[in-house]
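Visitor: Could you take me closely through one part of this structure, the central strand pairing and what surrounds it? I would like one connected account rather than a list.

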Amino acid sequence: MTNIQEFTTKEVPQWCPGCGNFIILAAVKSALSQLNLETHNTVVVSGIGCSGKDSHFFRTYGFEGIHGRVLPVATGVKLSNRKLTVLGMGGDGDAYGIGLNHFIHACRRNLDITYIVHNNEIYGLTTGQVSPTSMKGMKTKSTPHGVIEQPIHPLALAIASDATFVARGYSSNMPHLTKIVAEAIEHKGFSLIDIFQLCPSWNKVNTAEWFKDRLYDINEAGHDTSDKKKAFEKALEDVNTNYEKVPIGIFYKEERATYGDELPQIKEKELINHEIENIDMSKTLARFK
Ligand SMILES: Cc1ncc(C[n+]2csc(CCOP(=O)(O)OP(=O)(O)O)c2C)c(N)n1
């Protein structure tokens, strides 16, 4: 087991007291250390948002990109060197708002990336506007009369888009979250972990009190993770029970060849190991003169 301190930088997170991001950060580091991963073979790609600061707090390789573009950057990193463990980190606004199209294509492409979405159901960094996962009726700074649209259902969307590992965690249950993150990283293919993240400053609806009697672990309840139809049903259970039952755990898992396994240019040899010295670019470059 790698010492967890090896994954820690000197940067101190400036999140609000009680923010679920602290636990998520600790759970992910804990999973990395349990899996004995090496800091120099791990890359954390983050977007913009409170959770977008994550790449500053891991002493691994890291890249803080722009809002909504976690997955394009993570895709580039993974395609360059398939041996790296690549984690994408961002918020629900980043993932399911501006970055939604990337999310759907990443699911069906099945690159071996772990995507950790800090779903506080609100825009945190910009101080409390509606997000695509805010519940209908929720009053936010930008929806003073309540949200009109239906929320995005990330797990159902991921399953419908053929993601091969789909799970949900909760920021106040670190042992459970750590286990899911470790399993997701070990999974060969695209993994989504959507995490209910407490945001005491801006989300006054989905509080610890709200989650207390609603959450239950589907795996403990005997859910079959290979049953796609059932997984889809479970992914919509919260909305279909009017949020009386809100399942967490691993919903769906499938073994399928990854994008990198099938792409002829990289399946035998990492892109970073291709010889580039003898490539003549002069004709191409001449066109731009
Ligand atoms: C292209 C672009 N659009 C909008 C913004 C403004 N912006 C910064 S963070 C953010 C939303 C943050 O919400 P979320 O992604 O859910 O992350 P959180 O802060 O809640 O972790 C927005 C809209 C931006 N930085 N870049």
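Guide: In this predicted model, strand β3 and strand β4 (residues 114-119) run parallel and are joined by 5 bridges, and within that pairing L87 has T114 of β4 as its bridge partner. Strand β3 (residues 85-91) also pairs with strand β1 (residues 42-46), again in the parallel sense and over 5 bridges, with V45 standing opposite G88 of β3. Of the 7 residues of β3, 6 are buried, so that the strand is mostly covered.

A residue that ties this region to the interior is I116, which touches L87, G88 and M89 and, beyond these, V28, V181, I193 and I195, when residues up to four places away in sequence are left out of the count. I116 is also listed, together with V166, A167, V181, L192, I193 and F251, among the residues with the most contacts inside the largest nonpolar core, a set of 58 residues. To this core helix α1 (residues 21-34) gives the most, with 7 residues. A second core, separate from that one, has 6 residues, including C19, Y123, L198 and W202. In soluble globular proteins, nonpolar side chains tend to be buried together.

From strand β4 one can move on to the loop between β4 and α5, where E121 is placed and where T127 is found as well. E121 has a phi near 60 degrees, a positive value in a residue other than glycine, and T127, likewise not a glycine, has a positive phi of about 70 degrees. Their surroundings can be set side by side: E121 is buried, with 24 other C-beta atoms within 10 Å, whereas T127 is exposed, with 11 other C-beta atoms within 10 Å.

The ligand has 18 residues around it, of which G49, H67, G91, G93 and G124 come nearest. Helix α3 (residues 92-98) gives the most to this shell, with 4 residues, and by class the residues of the shell divide into 6 nonpolar, 10 polar and 2 charged.

Another loop worth following is the one between α6 (174-186) and β6 (191-196), in which K188 lies. K188 is partly exposed, since 15 other C-beta atoms lie within 10 Å, a count that falls between the 12 or fewer of an exposed residue and the 20 or more of a buried one. Leaving aside its neighbours within four places in sequence, K188 is in contact with D112 and T258. K188 and N110, although 78 residues apart in sequence, are 8.7 Å apart in space, taken from C-alpha to C-alpha.

Helix α8 (residues 228-235) completes the tour, with A231, K234 and A235 as its buried residues. Seen down the axis of α8, these buried residues fall within an arc of 100 degrees, and therefore they line one face of the helix. The elements against which the buried residues of α8 pack are α5 (154-160), β5 (165-170), α9 (237-240) and β8 (246-253).

Terms used. Residues are numbered from 1 along each chain as its sequence is written. This is a predicted model: local features need pLDDT of at least 70, side-chain atom pairs count only at pLDDT 80 or more; totals for chains, interfaces and linings use all residues. A nonpolar core is a set of buried Ala, Val, Leu, Ile, Met, Phe, Trp, Tyr and Cys residues joined through C-beta atoms within 7 Å. Helices (H or I, at least four residues) and strands (E, at least two) are DSSP runs, numbered from the N terminus. Two residues are in contact if their C-beta atoms, placed from the backbone, lie within 7 Å. A residue is near a molecule or strand if its C-beta atom, placed from the backbone, lies within 6 Å of it. Ala, Val, Leu, Ile, Met, Phe, Trp, Tyr, Cys and Pro count as nonpolar, Asp, Glu, Lys and Arg as charged, and the others, Gly among them, as polar. The arc is that of the directions from the helix axis to the C-beta atoms. Two strands pair if DSSP finds at least two bridges between them.
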